[in-house]
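Here are some short exercises to work through with the model open beside you. Try each task before reading its solution.

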Amino acid sequence: RTLVPELERTMDIVWLYTAAKDASRPGAVRIGPALAGGTAWHDLSRMVALWAGLPTRSFQRTLSELRARGSSRYWIVGHNEGVVIAQALARTGARVHLTIQDDIPDGMFARSRRYRALTPLVRPRYGNILRRMTSVDVTSDGMQKYYRDRLGLSSVVVHPYVPHLPS
């Protein structure tokens with residue numbers, strides 16, 4: 001989010017998101033409910049379907065909303081459903097840039113009591129998705145090295161943008 005105002009000086013960016021309610025960010029467009037989250041059992045069944053590649057109605061609706069925008073380029077934040085949405089967009093021939101702020105299988109899921117059991121399902125698909133993206137950015141040199149060594153992935157490091165420090 002810290003990069004968007006700076007990038008909007010030279011690019012036309014439409015911030016689309018999925019969530020239970022509207023966001024406070026001016027100009028953001030909610031395209032539907034989140035595909036992850038909620039009560040544990042409901043969420044786990046949705047996450048299994050999502051990562052197993054089952055074309056659920058909510059997933060298809062979200063993908064249709066994104067494709068209806070007519071963009072040939074997408075910048076996806078790779079958190080929860082974002083990674084799987086990025087893969088689906090790339091399969092349509094769209095150019096997809098993926099931002100990874102936390103490794104899903106060995107970071108977020110491994111630390112989570114709720115998602116830990118899904119790690120074996122997610123890990124191979126996650127690596128395959130990352131390798132198929134047009135480009136990927138990560139948050140640190142260590143994460144860049146981790147993906148290069150583990151997946152043979154070429155990525156760039158993008159740090160948060162701070163236009164000025166507070167007094």
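A residue counts as buried when its relative accessible area is under 20%. Keep in mind that this is a predicted model.

**Exercise 1. Find which residues of helix H4 are buried, and what they pack against.**

Solution.
- Step 1: Locate H4, which covers residues 81-91.
- Step 2: Apply the cut-off of under 20% relative accessible area. Glu81, Gly82, Val83, Val84, Ile85, Ala86, Gln87, Ala88 and Leu89 of H4 are then buried.
- Step 3: Put that in proportion: 9 of the 11 residues are buried, and H4 is mostly covered.
- Step 4: Look at the surroundings. The buried residues of H4 pack against helices H2 (40-52), H3 (57-67), H5 and H6, and also against strands E3 and E4.
- Step 5: Move just past the end of H4, where Gly93 has a positive phi of about 100 degrees.

**Exercise 2. Work out how H4 is oriented relative to H6.**

Solution.
- Step 1: Take the geometry: H4 and H6 pack at an angle of about 50 degrees, and their axes lie 10 Å apart.
- Step 2: Classify the angle. Roughly parallel needs under 35 degrees, and roughly perpendicular begins at 65; H4 and H6 are therefore oblique to each other.
- Step 3: Note the handedness, since H4 passes H6 in a left-handed crossing.
- Step 4: List the contact. H4 supplies Val83, Val84 and Gln87, while H6 supplies Arg125, Tyr126 and Ile129.
- Step 5: Sort these residues by class, which gives 4 nonpolar, 1 polar and 1 charged.

**Exercise 3. Repeat the analysis for H5 and H6.**

Solution.
- Step 1: H5 (residues 104-111) packs on H6 (residues 119-132) at about 155 degrees, with the axes 9 Å apart.
- Step 2: An angle over 145 counts as roughly antiparallel, so H5 is roughly antiparallel to H6.
- Step 3: The crossing of H5 past H6 is right-handed.
- Step 4: On the H5 side, the contact uses Ile104, Pro105, Asp106, Phe109 and Ala110; on the H6 side, Thr119, Val122, Arg123 and Tyr126.
- Step 5: By class, that contact has 6 nonpolar, 1 polar and 2 charged residues.

**Exercise 4. Which strands stand at the edges of the sheet, and why does each have one side without a neighbour?**

Solution.
- Step 1: Write down the order of the 4 strands, E3-E4-E5-E6, in an open sheet with parallel pairing.
- Step 2: Read off the edges: E3 (73-77) and E6 (156-157) each have a single partner strand, so one side of each lacks a neighbour in the sheet.
- Step 3: Follow E3 to its partner. It is joined by 5 bridges to E4 (residues 95-100), running parallel.
- Step 4: Pick out one pair: Arg73 has Arg95 of E4 as its bridge partner.

Terms used:
Residues numbered from 1 in each chain as written. Predicted model: local features only at pLDDT ≥ 70, side-chain atom pairs only at ≥ 80, totals over all residues. Heavy atoms only, no water. Pairing = 2+ DSSP bridges. Helix = DSSP H or I, 4+ residues; strand = E, 2+ residues; numbered from the N terminus. Axes fitted to C-alpha atoms, helices over the stretch in contact; angles between N-to-C directions. Parallel < 35°, antiparallel > 145°, perpendicular 65-115°, else oblique. Left-handed = near helix turned anticlockwise from the far one by under 90°. Contact = heavy atoms within 4.5 Å. Nonpolar A, V, L, I, M, F, W, Y, C, P; charged D, E, K, R; others polar. Buried < 20%, exposed > 50% of the residue type's maximum accessible area, 1.4 Å probe, protein only.
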